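Reader: I'd like to walk through this model with you, one question at a time. Could you start with the term we'll lean on most?

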Amino acid sequence: MATLLFMLLMSIFSTFIHAIPTSTGQKVTKRSVTVDLPRNPGYAPNGRLQYSRALKKWGVPMDDELDDATNSFRGGETGDVNAESIMGDREYLSRVGFGTPFQYLNVDLDTGSADVWVYSSETKTKTRREDIFELEKSSTAELLNGSEWRITYGDSSYAWGHVYHDSIDIGGIPLHNAVVQSAVDVSQSLSSDKDIDGIFGLAYDLHSQVRPKQPTVLSTLKSHLDKPVFTADLRYQSDEGAYTFGYIDHHRHIGEINYTPLLPNSTFWEFNFTGLHVVGHNYWYISQWRVIADTGTTLMLLSPDIVNMYYDAVPDATSDRSFGGLWHYPCNTTLPDFEIGFANGWVARVPGRYMNYTTYDDLPGRCMGGLQPFMSEEFGILGDIFLKAVYAVFDIGGGKVGFADKDLGL
């Protein structure tokens, strides 16, 4: 139903096309595509489920109580791709075409993974799913014999399948002979999200799970872009979010873009930040933390000492094992803004209302925060709670990320 609603409400988009001659005299088409976005309002997301999904994705051990609780519930082109807010910003989905002619699916553009896989006519588990990639209807689908892919997460959930070469349309940019991973079998815990038709990985330099090794779709896309860059402008409960590829839309941010280099040998969009501050309190917490910018994770996940520092400033905030160690607080609480500082001197401010993630059905009057602990000593995750508050630039060619302020409508 959600997909059908999307199709019924899908907005009119405008395309601007011009051609320039190359050094050989051949004309290369440039496109800029703008898509207006519908959204799916009025849904209270399952916070514990989103938290457990993040832990599974990154292979972090899960508290037994949390586990029990969640089980109950071409060159020189540019393009814009929608980032549709689904179910209270639980995730952001984009329309991407696969095959010939293109079949458009709702996929999660995910900077925290490298695989591009979709539910298809080969998939055994298609729980309440309306849109799949019908391989037999694509005239360009070519099976790569002897190739397969398999992803296994920390909780033993999995997905695996076959590998094809086929065409992809992302924001009006056609990629031919790209690697498309068709899901044959997907564990029930992954397939239960009926809104997502697939994952579109955009990790910086991570190999996909295809064996034998194949080029990632991002490496293919990079050679088609006017500039080797893409951006994410995710929006808080809004229809106006978008990704851009090949250019930076300077109408979407305020002031300068402040860049931070990726850490050496990074495969993810991984970098350091250097300061933390709860607005309204006098002290800054100064150190250095490694984090990954991940559009495919809903929450902001940082070390327990950071999380404790924040909720120490929230009256009656509590973390208890009966709810998997998740922090919660009275829903009538006004949460403080949270600031993250960088070595370049720029400070990102995440509004307190963004930090207020969702309610509990079984804890009347209590709400779950969008900042939660991450039991990893190596890195943290700046997911959508953070990314909604900034304009984010992913510079593939420069090996860096950039952040800027934007109009948050406050």
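Author: Sure: a residue is called buried when its relative accessible area is under 20%, exposed when over 50%, and partly exposed in between. One thing to keep in mind throughout is that this is a predicted model.

Reader: Is Tyr-357 buried or exposed, then?
Author: Tyr-357 sits in strand β23, residues 356-359. The cut-off for buried is under 20%. Tyr-357 has 9% relative accessibility, so it counts as buried.

Reader: How far apart are the C-alpha atoms of Tyr-357 and Leu-299?
Author: Along the chain, Tyr-357 and Leu-299 are 58 residues apart. In space, their C-alpha atoms are separated by 8.4 Å.

Reader: Let's zoom out. What percentage of the residues in the chain count as buried?
Author: The chain's secondary structure comes to eight helices and 28 strands. Its accessible surface is about 17000 Å², with 52% of that belonging to carbon and sulfur atoms. Of the 410 residues, the buried share is 59%.

Reader: How many residues does the largest nonpolar core have, and which helix gives the most to it?
Author: The largest nonpolar core has 91 residues, and those with the most contacts inside it are Phe-98, Phe-200, Phe-245, Phe-338 and Phe-386. Apart from this core lies another of 16 residues, with Ala-159, Val-179, Val-186 and Ile-196 among them. As for the helix that gives the most to the core of 91 residues, five residues come from α6, residues 304-311.

Reader: And at what angle does α6 run to β25?
Author: Helix α6 lies across several strands: β16, β17, β18 (300-302), β21 (338-341) and β25. Relative to β25, α6 runs at about 135 degrees.

Reader: Which strands stand at the edges of the open sheet of seven strands?
Author: The order in that sheet is β22-β21-β16-β17-β26-β18-β25, and the pairing is mixed. The two edge strands each have a single partner strand, so one side of each is left without a neighbour in the sheet. Those strands are β22 (347-350) and β25 (371-373).

Reader: By how many degrees are neighbouring strands of this sheet turned against each other on average?
Author: The sheet in question is the open one of seven strands. With direction ignored, its neighbouring strands are turned against each other by an average of 40 degrees.

Reader: Inside that sheet, what is the bridge partner of Gly-275 in β17?
Author: Strands β16 (residues 270-278) and β17 (residues 285-293) pair in the antiparallel sense, over six bridges. Across that pairing, the partner of Gly-275 is Ile-286.

Reader: Now for a charged one: why does Asp-108 count as buried?
Author: Asp-108 is in strand β6, residues 103-110. Beyond its neighbours within four places in sequence, Asp-108 has contacts that include Tyr-92, Leu-93, Ile-196, Phe-200 and Thr-295. The cut-off for buried is under 20%. Asp-108 counts as buried because its relative accessible area is 6%.

Reader: Which residues are linked with Asp-233 in a network of salt bridges?
Author: By the salt-bridge rule, the count comes to 10. Asp-233 bridges to Arg-235 with closest N and O atoms 3.1 Å apart, and to Lys-406 at 2.7 Å. That second pair links distant parts of the chain, 173 residues apart, with Asp-233 in strand β13 (residues 229-233) and Lys-406 in the segment after β28 (400-405). The residues linked with Asp-233 in the network are Arg-235, Asp-249, Arg-252 and Lys-406.

Reader: Asp-249 and Arg-252 also meet in a salt bridge, so is Arg-252 buried or partly exposed?
Author: The side chains of Asp-249 and Arg-252 meet at 3.6 Å, N to O. Asp-249 counts as buried, at 15% relative accessibility. Arg-252 is at 22%, so it counts as partly exposed.

Reader: How many of the five residues of strand β27 are buried?
Author: Tyr-391, Val-393 and Asp-395 point one way from β27, while Ala-392 and Phe-394 point the other way. Both groups are buried, so β27 (residues 391-395) is largely enclosed by the rest of the structure. The count is five of the five.

Reader: Last one: which residue in the hairpin of β27 and β28 takes a positive phi?
Author: β27 and β28 pair in the antiparallel sense over five bridges, and Asp-395 stands opposite Lys-400 in β28. The hairpin has four residues between the strands. The one with a positive phi, near 60 degrees, is Gly-399.

Conventions. Residues are numbered from 1 along each chain as its sequence is written. This is a predicted model: local features need pLDDT of at least 70, side-chain atom pairs count only at pLDDT 80 or more; totals for chains, interfaces and linings use all residues. Side-chain values use heavy atoms; hydrogens and water are left out. A nonpolar core is a set of buried Ala, Val, Leu, Ile, Met, Phe, Trp, Tyr and Cys residues joined through side-chain atoms within 4.5 Å. Buried means under 20% relative accessible area, exposed over 50%, partly exposed in between (1.4 Å probe, protein chains only). Accessible areas come from the Shrake-Rupley method with a 1.4 Å probe; for residues, only the protein chains shown count as cover. Contact means heavy atoms within 4.5 Å. Two strands pair if DSSP finds at least two bridges between them. Axes are lines fitted to C-alpha atoms, for helices over the stretch in contact, and angles run from 0 to 180 degrees between N-to-C directions. A salt bridge is a side-chain nitrogen of Lys or Arg within 4 Å of a carboxyl oxygen of Asp or Glu.
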